[in-house]
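I opened this notebook to record a few local features looked up in one model. The entries below are kept short.

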Amino acid sequence: MDEMRQPGELPALGGGIRRRTFLSVAGAASLAALWQAALQPDALWGAPSAGGGAGPADLPEVLKRLQAMTRLELTDWRFHPPDLPHGENPALDDRAWPEVKVGPGTGRQRHGAGWYRAWVTIPRELAGERLRGARLQFALRAGPRVRLFFHGGLVEQGPSQALTPVPFAEKARPGDKILVAILVQPGANGHGYFAGAGLLAAYPRQAVDPGVLHDELAAAAALIAGLKPPAAQQRALAAAVAALPFAAEPAPSAAADPVSNAALRAAQREVEALRPWMKEYKIWAIGNSHIDLAWLWPWTEALAVVRDTFTTVLQLMRDYPGFIYTQSSSQDFAWLEHRYPPLFREIQQRVKEGRWEMVGGMWVEPDLNMPDGESLVRQLLIGKRYIQSRFGVDVRIGWNPDSFGYSWQLAQIYKRSGVDYFVTQKLMWNDTTPPPHQLFWWEAPDGSRVLTYFPHGYSNGANPVEMARILADYAPETHMPGMMHLYGVGDHGGGPTREMLDSIQRWKQPAAVFPELEYSTAGEFFAAVEKRRAAGLELPVWKSELYLQYHRGTYTTQSDTKQRVRRTEVRLHNAERFSALAMHFAARPYPREELNDAWRRLLFDQFHDMMAGSGIAVNYREAKENLRIAGMYCDRATAGALADLAARADTRGPEGAAVLIFNPHSWPRRDAVELTVELAAPAASVKVTGADGRELPSQVLERDARGQGFRVLVVAGPLPPLGYEVVHVAPGEPAPAAGLKSSQWQLENEFLRLRLNPENGNIASLVDKATGRETFAPGAYHGNVLPHAHGRHAWAAPLHPLPAEGNVLQFFRDKPGEWDAWNIQADYEKYPLGPVTLESITLAEHGPARAAIRVVRRFQSSRFAQELRIYPGVPRVDVHTVADWREQHVLCKAAFPLAVASEHATYETPMGRSRAPPTPPPRRRWRSGRSAPKPGRIFPAAPAASPS
């Protein structure tokens, strides 16, 4: 999801960029740029730098004056709460409504949801420029949803991110009055905002439109400031500014003298001297729409968004012959194929024509940290096969602009799946360390590489000034004389608007004093990069994960769905393995269609806003049902396959019930397993023997009233990989397991000796009996973050030391600054909570197959019941926790401070592993020398750069 910015809010630009996530208010050609400039005039031009590198000193005043000739801010409105029906009615008497002021000069005051009305009179002139015959548009800054009326008629409605300037008067007649009514509707949080509105003027009959000249000057100034060209370009800009008579005059008033067309033409001639230099740079404009398939809406609404967005795109293709569109996610097209076949067939035709680009290759845009490796492979396998079969296209560009970080192994998975390029922008959201590159090789642990590009967001407009500013920022960093620019309304669909396309049409013309601009595809951009590489461009190499330093809470939110996804992954793997074995050994038909359907269901619920937990409640209720169906398919396939395999097994042996224990893994395994058996006659207890006649550690967990049905725990193995062992359950008393000892405070088997602290329930000691080594060492309860010299952060000495104990329950305040369900502050350990109280410690179980101690503790209103379990022959302690959680804005953590001294730790990644420091040491930097990470493994160690 893109950030929920309100229209008109632009990020600070220049050297202090924290996130390169830019916003453009879409508008026709120059009008949108002028509207944005009105919101933050200073953002269009920074303070002049030494040596005049930032442009002529008079430029800010020139831009303000040109801007004033094309914009009229409407500040005076009357307000009524939103509960009024038909507040747009012209006959309604609004004289008793309170007056409100909005916009520049009012402190940028914002007002909430409700009705806003004003009679707008077209003035005779703007800053001395006569308005008669000018084309006027009405621009609005409000949200999250708006309805706009002129004289009682609806002219615009929709979400704030889709609002565009609408026609107000094709040929303005001074003195005309129009009633404007605006209904600002509250969003899901119950709030709305109204930040301002105004008229935008264009002068089509003039030889030089002051709005177009404004854009050319501002765009040229941005490029000169960022690209540092020779002095000739700076002189040309200065000459253009000097040609305008008001360069050093104060801000214009209503009575200002009009600027002569001769002066505008003189300035235009000077600006045109910059055209050849600006055309040396290129902008590949990629029309797209990010569509969240389930976020603040259910998938059924997303389907309608897909239909409406694609219908609009196809209509725009008919009206704008050069327009090209790019879209990811195979699920989008599968929906259309099933429900809207004519629309689907038209898209197929556009793909054949080269006007619709297929990217992504995955079934959906999933979370790319939490799914297992096989799920990521299936996203590509199933997604790419679908696109290949329906459109004849082999997708080679990975496209995941909104996922919350990217595991290191993804680069190899992409490359081995036939994907050579990768596009994302999410790391531009980092709140700690700006990513050092926008164009680079991402290298996997095995050496596989994908060419990776970070564009500046995915829901941009086509504002020429904004595009120039971003190009000036990107070109020096990427060493490419151009950039990929993603434009189009996103998140809830929408795609490119007519205003965006009109702007591109205007600024792509050869006569425009602007960089080369063209409708393009991501494939064409990467082809240009490859051509430049062949000519000697060397790209940096990144050899680690791409971790998002922001939405840290997505690893914990909606844990029930995360657990269901993981269990469905395991069930699918087992269903496929055993179905394949049954097909080979028992000639059982492979349930291809059911398992493929189960995979598609699972892959959908791995969508980044689903699995991450950043959606609304209905999505998780639907995910529960969807995964239940997928699990049913898996269980049916597994049960049938195991039945056929079991029917061919040799179950001869001692008397009693024969049970087959299967090992679905590719390595031998010894572990505890529960069996449910039915004996031919009642028995007081049972024992379990293996195929070789040896007795296995076992104990009865449950016995039915008839004395014939038993639930038995048995420690079996080692079981062969992808194999089974036949065990026999018969009446008898199980023998005690050698080496398994237990008391109220201690557990012990052949490998481990565990002792609890009777005062707090922590694990006071856990010894590896083979080496005599203690597992735990003193740790840190939380770290202290101190300001870095450059305003960032670095590690300081730890505070509140932990004892050398394990399973220490810790609690911290959880109040992130924004995105409550998604974010955890990086310095959460600075805010510990307590105390934790011990209720009881009891010996819960002491049998031949398992011993367990039960520890019950409390924190505030919450209760934690934990069983520490140990088994004979298994070198592991299980900590089984049931939490009755009743807190809000609190984090819970079980700490295990290990007695390990190592420069590196090995971390599991999907289908791989990576090595990195276990904690970030002081002053760790990116290779480029930027700020140090905050606490936690925020960013990995920076690799050394190497040439491509």
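The entries that follow cover backbone geometry, burial and contacts in this predicted model.

**Entry: cis peptide bonds.** I looked up the peptide bond that joins Gly143 and Pro144 and found it to be cis, with omega about 5°. I then placed Pro144 in the loop between β7 (135-143) and β8 (145-150). The bond from Gly717 to Pro718 is also listed here as cis, its omega being near 5°. Pro718 lies within strand β28, which covers residues 709-719.

**Entry: positive phi.** I checked Ser329, a residue other than glycine, and its phi is positive, near 75°. Ser329 sits in the loop between β14 (325-327) and α8 (330-339). Is Ser329 buried or exposed? Its relative accessibility is 6%, and because the limit for buried is under 20%, I recorded Ser329 as buried.

I noted Leu722 under this heading as well: its phi is near 45°, a positive value in a residue other than glycine. Its place is the loop between β28 and β29 (723-731). With a relative accessible area of 39%, Leu722 is partly exposed.

**Entry: Arg869.** I located Arg869 in strand β41, residues 862-870. Its relative accessible area is 16%, so I entered Arg869 as buried. Which side chain makes a polar contact with the side chain of Arg869? I found that of Glu867, at 3.0 Å. Leaving aside residues up to four places away in sequence, I listed what Arg869 touches: Arg850, Ala851, Ala852, Arg876, Val877, Asp878 and His880.

**Entry: a nonpolar surface patch.** I looked up a patch formed by Val879, Phe896, Leu898 and Val900, which lies on the surface and is nonpolar. Together these residues have about 340 Å² of accessible area. I traced Val879 to strand β42 (residues 877-884). Why can Val879 be counted in a patch? Its relative accessible area is 31%, and patch residues need over 30%. By the same value Val879 is partly exposed.

**Entry: Ala238.** I placed Ala238 in helix α4, residues 231-242. The relative accessibility of Ala238 is 32%, and it therefore counts as partly exposed. I also looked up its separation from Ala267: the two are 29 residues apart in sequence, and their C-alpha atoms are 9.7 Å apart in space.

Notes: Residues are numbered from 1 along each chain as its sequence is written. This is a predicted model: local features need pLDDT of at least 70, side-chain atom pairs count only at pLDDT 80 or more; totals for chains, interfaces and linings use all residues. Side-chain values use heavy atoms; hydrogens and water are left out. Patches are made of residues with over 30% relative accessible area and no salt bridge: like charges are joined within 9 Å, nonpolar side chains (Val, Leu, Ile, Met, Phe, Trp, Tyr) within 5 Å. Accessible areas come from the Shrake-Rupley method with a 1.4 Å probe; for residues, only the protein chains shown count as cover. A salt bridge is a side-chain nitrogen of Lys or Arg within 4 Å of a carboxyl oxygen of Asp or Glu. Helices (H or I, at least four residues) and strands (E, at least two) are DSSP runs, numbered from the N terminus. Buried means under 20% relative accessible area, exposed over 50%, partly exposed in between (1.4 Å probe, protein chains only). A polar contact is a pair of N or O atoms within 3.5 Å; within protein, one must be able to donate a hydrogen and the other to accept it, and residues adjacent in sequence count only if both atoms are side-chain atoms. Contact means heavy atoms within 4.5 Å.
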